[in-house]
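Notebook open, coffee at hand. I want to look up a few residues and helices here and jot down what turns up.

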Amino acid sequence: MKAIVMTGTGGVGVIEAVDRPELAPGPGEVIVEVAVAGVNFMDIGVRQGMAWTEMPNPKTLGVEGAGRVLSVGEGVDAVEPGQRVAWVYVPGSYAERIIAPAEALVPIPDGVDDRTAAAVMMQGLTASHFGTDFYPVQAGDIALIHAAAGGVGLILTQIVKLRGGQVIGRVSSADKVAVAREAGADHVIVDAGGRFAEEAIRLSGGEGVHVVYDGSGPTTFQGSLDALRPMGTFAWYGPVLGGPGPIDIMSLPKSIKLGYAVFSHHIRTPELLRARSARLFDWIIDRKLKVHIGGEYPLADAAKAHADMESRATTGKLLLIP
């Protein structure tokens, strides 16, 4: 069985394709033939030593994907052989086959193909958390969405619009404007240096925005604060790019809410995972949500997918095909 491992901590040079032993399911476990694996900034963080440090190298990368059940272990009745399933967090997903807890899998409906299912899990559930739980967008709200042409940004834009909000998207280059607008952004700011707040305030009628979704790291932190109206909410996420450092709470604008949004809290039980995933699949089937796939790579080219994602030149979701 082919798998993509990291042999050490560092750049894309530590990524290597290897042969791994075949798997057998234990109680409560499922063997899945992987059709598609998703590439995420989380994977880059793991490769750079920000997570999974307790796991020895070489370790198989990836957490997300879609595929077909091959066999099930004792006590598994939620899925069966031959069934198509998707998952958002099963370590070792950059592989031809994975072993997964049955409770980590969700059924894929007939109206959703494998690529779309894999592409919507991590980024779709993240965006769903941001727009419906962490800050439940209301009709008329104005949201500033950073990296609006990225996978999370494109889905979050559509969710904000579904809930009756307006979107000011920020992108890093002019060639990403069209993609952000296609997803429904009402306005798009092109900015790579963190100087967007004044324009966001102008576009929101001089009041500032109701909510900022910012996963762009320390460069945009102050501008995001500045762009908020009184009682506005700052939803910060994305630890891979780093945080703003220590914060003096007395230096924050008055009457704003600052929080760290973590998507896993959105799906903290198997029941919530299935329900939230089913809602995303329903939106896709009903053509209310479109998932933009920005690139597909053979499994063996995982290093190139990482390099492309780190360049910040890609849009939408990147996928690996075993």
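**Entry 1: T132.** I began with the contacts of T132: leaving aside its neighbours within four places in sequence, T132 touches I159, R163, H266 and R279, where contact means heavy atoms within 4.5 Å. Before going further, a note to myself: this is a predicted model, in which local features need pLDDT of at least 70 and side-chain atom pairs count only at pLDDT 80 or more, while totals for chains, interfaces and linings use all residues. Residues are numbered from 1 along each chain as its sequence is written, and side-chain values use heavy atoms, with hydrogens and water left out.

I placed T132 in helix 2; helices here are DSSP runs (H or I, at least four residues), strands are E runs of at least two, and both are numbered from the N terminus. Is T132 buried or exposed? T132 is buried, at a relative accessible area of 12%; the cut-offs are under 20% for buried, over 50% for exposed, and partly exposed in between (1.4 Å probe, protein chains only).

Next I looked at the polar side of T132. Its side chain reaches the backbone oxygen of S128 at 2.5 Å, and it also makes a polar contact with the side chain of R279 at 3.4 Å. A polar contact is a pair of N or O atoms within 3.5 Å; within protein, one must be able to donate a hydrogen and the other to accept it, and residues adjacent in sequence count only if both atoms are side-chain atoms. I also noted that the C-alpha atoms of T132 and A119 are 20 Å apart, with their places 13 residues apart along the chain.

**Entry 2: helix 2 against helix 7.** R279 sent me to the helix pair. I found the axes of helix 2 and helix 7 to be 9 Å apart, at an angle of about 105 degrees; axes are lines fitted to C-alpha atoms, for helices over the stretch in contact, and angles run from 0 to 180 degrees between N-to-C directions. The two helices are therefore roughly perpendicular: that word covers 65 to 115 degrees, with under 35 roughly parallel, over 145 roughly antiparallel and the rest oblique. On the helix 2 side the contact includes T116, M121, L125, T132 and D133, and on the helix 7 side L273, R276, R279 and I284 are among the residues.

**Entry 3: R276.** I stayed in helix 7 for R276. R276 counts as buried because its relative accessibility is 18%. Which residues does R276 contact, leaving aside its neighbours within four places in sequence? I listed L125, D133, H266 and I267. The side chain of R276 reaches the backbone oxygen of H266 at 3.4 Å.

**Entry 4: helix 2 against helix 3.** I then turned to the other partner on my list. The axes of helix 2 and helix 3 come within 8 Å and cross at roughly 45 degrees. That makes helix 2 oblique to helix 3. I logged the crossing as right-handed, meaning that the near helix is turned clockwise from the far one by less than a right angle (anticlockwise would be left-handed). Among the helix 2 residues that meet helix 3 are V120, G124, A127, F130 and T132, and the helix 3 residues are G151, V152, I155, L156 and I159.

**Entry 5: helix 3 itself.** I checked its length: at 1.5 Å a residue, the twelve residues (151–162) should span 16 Å, and the end C-alpha atoms are 17 Å apart, which agrees. The expected span is 1.5 Å times one less than the number of residues. How many of the twelve residues of helix 3 are buried? Ten are, leaving the helix mostly covered. These buried residues pack against helix 2 (114–134), strand 9 (142–145), strand 10 (166–171), helix 4 (177–182), strand 12 (209–214) and helix 7 (270–285). After helix 3 comes G164, with a positive phi near 90 degrees.

**Entry 6: backbone oddities.** I noted A147, a residue other than glycine with a positive phi, near 50 degrees. A147 sits in the loop between strand 9 and helix 3, and it counts as partly exposed at 26% relative accessibility. Lastly, I found a cis peptide bond between N57 and P58, with omega about 0 degrees; P58 is in the loop between helix 1 (41–47) and strand 4 (59–60).
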